[in-house]
Amino acid sequence: MPDTVFERADLALLLAVAETGSLAKAAQALGVHHATAFRRLADLEHRARARLFERLPHGYRLTRAGERVAAPAREVQRALHELDARVLEEDRAVAGPVRLTTSDGLASAYLAPHLAALAEAYPGLQLELVVENRLSDLAEREVDIAIRPAQRLAGHMVGRKAARMAYALYASKGYVQRHGRLDPRAPEFAGHAVCHYDDSIAYFSTARWLARHAGKARVAARCNHLTAMRELARAGLGIAALPCVLGDTEDSLVRLLGPLPAMETGVWLCTHPGIRKVRRIRTVLDFLHAAIVRDAARLAG
């Protein structure tokens, strides 16, 4: 029997590097160290007896050999995910209530299809979604799982980062026609209006960035919900700093600037240490982590 060239982890690495064009970004998306990803890719190319990626100054690009295997690799990975879902669907132990919380931006613009797929794969689960921008207190068991845009974990939460989430500045097409685009010669957004963040979420990376860089802009409104802020921007009230996954879904908005590295956060899946090994909790965490990792490029803007 011939030696196996591709293991399941190899498929994930190959497709992550092909999608992001970067070994470092692929390693981060897969939750492995850069050196580990480098070694795995070198081993894979050795076993394949072919160079799968060109190493360019600006990143990684599939070679002809890599292009020939990338398409079937995607099909195999899709089939494996479907197989996992069907096998695990038979596990009757994955049942009962799971209370999740996430931000309004992720809930409205991103998470719903993944929760639908989760419910289909595990019909015994009873999902409860709490949409809240503040950090719910997991120590008090308000929720079982938090899906949070944050730069780092805090408090008693334990978890792992599944992806990077990018943010940019948006305004309506009508606003741009009336006020023009951002002029780098006009410091601190002079002559522009912004939709700012309410004090209750002033710790957001986007709120801190606006506080530093938009000091001369007129504050047209303050808001504590990102979806409402997007609607204010759509109405032409002013410029809004939004997650790309939220702003890019609205055709009437124009991306003025970004993604901005200083605004970037991670997407974390967190739970309470005392329940992280409960089967239904572990299943939901693993399912959503895999789904978010597959969407890493979209979330990164």
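Colleague: Is tyrosine 122 buried or exposed?

Modeller: In this predicted model, tyrosine 122 is buried, because its relative accessible area is 3% and the cut-off for burial is under 20%.

Colleague: Which ring pairs with that of tyrosine 122, and in what geometry?

Modeller: An aromatic pair is read from two values, the separation of the ring centres and the angle between the ring planes. The count for this model comes to four aromatic pairs. In one of them, the centres of the rings of tyrosine 122 and phenylalanine 287 are 6.2 Å apart and the planes stand at 80°, so the pair is edge-to-face. Tyrosine 122 belongs to the loop between helix H5 (104–121) and E4, whereas phenylalanine 287 belongs to helix H10; the pair therefore ties together parts that are 165 residues apart in sequence.

Colleague: How should I read the pair of phenylalanine 189 and tryptophan 209?

Modeller: Their ring centres are 6.0 Å apart and their planes meet at 50°, so this pair is tilted. Phenylalanine 189 lies in the loop between helix H6 (173–179) and strand E8 (193–197), and tryptophan 209 lies in helix H7 (residues 205–213), so the parts tied together are 20 residues apart in sequence. Phenylalanine 189 counts as buried at 8% relative accessibility, and tryptophan 209 is buried with a relative accessible area of 8%.

Colleague: Which residues does threonine 283 touch?

Modeller: Threonine 283 has its place in helix H10 and counts as buried at 14% relative accessibility. Leaving aside residues up to four places away in sequence, threonine 283 touches Val94 and Tyr122.

Colleague: Across which strands does helix H10 lie?

Modeller: Helix H10 (residues 279–294) lies across strand E3 (96–102), E4, strand E5 (145–150), E6 and E12, and runs at about 20° to E6.

Colleague: What is the strand order of the sheet that contains E4 and E6?

Modeller: The general idea comes before the case. Strands of a sheet pair through backbone hydrogen bonds, in either a parallel or an antiparallel manner. Here an open sheet of five strands follows the order E4-E3-E5-E12-E6, and its pairing is mixed. Strand E4 (125–131) and strand E6 (158–165) are the edge strands, each pairing on one side only. From one strand to the next, the twist averages 20°.

Colleague: How many bridges join E6 to strand E12?

Modeller: Seven bridges join E6 to strand E12 (residues 265–271), and the two run antiparallel. As an example of a single bridge, valine 158 has threonine 271 in E12 as its partner.

Colleague: What is the order of the sheet that contains E7 and E11?

Modeller: This open sheet of five strands has the order E9-E8-E10-E7-E11, again with mixed pairing. Strand E9 (218–223) and strand E11 (253–257) stand at its edges, each with a single partner strand, so one side of each has no neighbour in the sheet. With direction ignored, neighbouring strands of this sheet are turned by 40° against each other on average. Strand E7 (residues 167–172) is joined to E11 by four bridges, and these strands run antiparallel. Within that pairing, alanine 171 has valine 254 in E11 as its bridge partner. Helix H7 packs on the sheet, touching E7, E8, strand E10 (239–243) and E11, and its direction makes about 135° with that of E8.

Colleague: Where does H8 lie, and at what angle to E10?

Modeller: H8 lies across E7, E8, E9, E10 and E11, running at about 140° to E10.

Colleague: Which residues of helix H8 are buried?

Modeller: In helix H8 (residues 226–234), Leu226, Met229, Arg230 and Ala233 are buried. These residues cover an arc of only 105° around the axis, which puts them on the same side of H8. Glycine 236, with a positive phi near 90°, follows H8.

Colleague: Why does cysteine 223 form no bond with cysteine 195?

Modeller: The test is one of distance: a disulfide requires two cysteine sulfur atoms within 2.5 Å. The closest cysteine sulfur to that of cysteine 223 is in cysteine 195, 8.2 Å away, which is too far for a bond. The count of disulfides comes to zero. Cysteine 223 is buried, with a relative accessible area of 11%, and cysteine 270 is buried at 1%.

Colleague: How many helices and strands does the chain have?

Modeller: The secondary structure comes to eleven helices and twelve strands. Of the 301 residues of the chain, 45% count as buried.

Note on methods:
Residues are numbered from 1 along each chain as its sequence is written. This is a predicted model: local features need pLDDT of at least 70, side-chain atom pairs count only at pLDDT 80 or more; totals for chains, interfaces and linings use all residues. Side-chain values use heavy atoms; hydrogens and water are left out. Two strands pair if DSSP finds at least two bridges between them. Axes are lines fitted to C-alpha atoms, for helices over the stretch in contact, and angles run from 0 to 180 degrees between N-to-C directions. Contact means heavy atoms within 4.5 Å. Rings of Phe, Tyr and Trp (its six-membered ring) pair if their centres lie within 6.5 Å; planes under 30 degrees apart count as stacked, over 60 as edge-to-face and the rest as tilted. Buried means under 20% relative accessible area, exposed over 50%, partly exposed in between (1.4 Å probe, protein chains only). The arc is that of the directions from the helix axis to the C-beta atoms.
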